[in-house]
Amino acid sequence: MRRFALAFATAVACATMGAAQDVVAPGGVAVDEYGGIATSLTGAPGDPANGQALMDKGSGNCIACHAVTELSDLGFHGTIGPVLDGAADRWTEADLRGIVVNAKNVFEGTMMPSFYRTTGFVRPGDAFTGNAPKGDVQPLLTAQEVEDVVAYLMTLKEG
């Protein structure tokens, strides 16, 4: 039994390490001619519940600019971006992943931040300090958080 437990723990550790190695780095994302990203950034399915939570907090905070009727219990929905009700009917999963990763590849001139990009910024800052960043710029969302937001957006269908 002890040998089985050790073998199982080793297999889980190897699988976890392999999954972490499969994460696509921000500079390695393959974008199609329309800005879509067909392949998962992690190889793992997104968690719609975590994606929903990211809509109102942290580096996601999508409702600061977008309204989502399903989240009407949360205050201060924005009106800068389109209402996200029915997003899964308007865009494919690849389209939504591309928009979250870098909306500027889809909507030139958009104010939407690029949530999974680390280069090409004009004046990146160190949070709200007014200073330049120390070290490399980090993406606003992790690869898994992007997948989680996309998974949640894919639940938003009309009617």
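**Group meeting talk: a walk through an all-helix chain**

Hi everyone, let me start at one particular proline: setting aside residues up to four places away in sequence, P82 touches H66, A67 and W91. You will find P82 in the loop between α2 and α3, the latter covering 87-90. With a relative accessible area of 44%, P82 is partly exposed. There is also a link back along the chain here: P82 and C65 are 17 residues apart in sequence, and their C-alpha atoms are separated by 8.1 Å. Please keep in mind throughout that this is a predicted model.

That brings me to the cysteines. How many disulfides does a search of the whole structure find? The count is zero. Take C62, which is in no disulfide; the nearest cysteine sulfur to it belongs to C65 and sits 8.7 Å away. Why no bond from the side of C65? Its closest cysteine sulfur is the one in C62, and at 8.7 Å that is too far for a bond. As for their surroundings, C62 counts as buried because its relative accessibility is 15%, while C65 is partly exposed at 28%.

Now let me step back to the whole chain. It has five helices and zero strands, so if you read along the sequence you get the pattern α-α-α-α-α. Of its 159 residues, 29% count as buried. The chain exposes about 9900 Å², and carbon and sulfur atoms supply 59% of that area. On the contact side, take the pairs with a separation of 6 or more: residues 24 or more positions apart account for 54% of those contacts.

Next, the inside. The largest nonpolar core has 27 residues, and the members that touch the most others are L41, M55, V68, V100, V146 and L153. Two helices, α4 (93-102) and α5 (143-153), each supply at least two residues of this core. Which helix gives the largest share? That is α5, with six residues.

So let us look at α5 itself. Nine of its 11 residues are buried, so this helix is largely enclosed by the rest of the structure. The buried ones are A143, V146, E147, D148, V149, V150, A151, Y152 and L153. And what do they pack against? The buried residues of α5 pack against α2, α3 and α4.

One of the core residues I just named, L41, is worth a visit. Not counting residues up to four places away in sequence, L41 touches D22, V23, V24, V29, R97, V101, Y116, A143, V146 and E147. Among those partners, A143, V146 and E147 are also on the list of buried residues of α5.

Right beside L41 in the numbering comes S40, my last stop. S40 has its place in the loop between α1 (2-21) and α2 (48-54). Where does its side chain reach? A polar atom of the S40 side chain lies 3.1 Å from the backbone nitrogen of T42. For the backbone nitrogen of G43, the distance to a polar atom of that side chain is 2.9 Å. Leaving aside neighbours within four places in sequence, S40 is in contact with V24, R97 and E147. You may recognise V24, R97 and E147 from the contacts of L41 as well.

That is my tour, from P82 in its loop between α2 and α3 to S40 in the loop between α1 and α2. Thanks for listening, and I am happy to take questions.

Conventions. Residues are numbered from 1 along each chain as its sequence is written. This is a predicted model: local features need pLDDT of at least 70, side-chain atom pairs count only at pLDDT 80 or more; totals for chains, interfaces and linings use all residues. Side-chain values use heavy atoms; hydrogens and water are left out. A disulfide is a pair of cysteine sulfur atoms within 2.5 Å. Buried means under 20% relative accessible area, exposed over 50%, partly exposed in between (1.4 Å probe, protein chains only). Helices (H or I, at least four residues) and strands (E, at least two) are DSSP runs, numbered from the N terminus. A polar contact is a pair of N or O atoms within 3.5 Å; within protein, one must be able to donate a hydrogen and the other to accept it, and residues adjacent in sequence count only if both atoms are side-chain atoms. Contact means heavy atoms within 4.5 Å. A nonpolar core is a set of buried Ala, Val, Leu, Ile, Met, Phe, Trp, Tyr and Cys residues joined through side-chain atoms within 4.5 Å. Accessible areas come from the Shrake-Rupley method with a 1.4 Å probe; for residues, only the protein chains shown count as cover.
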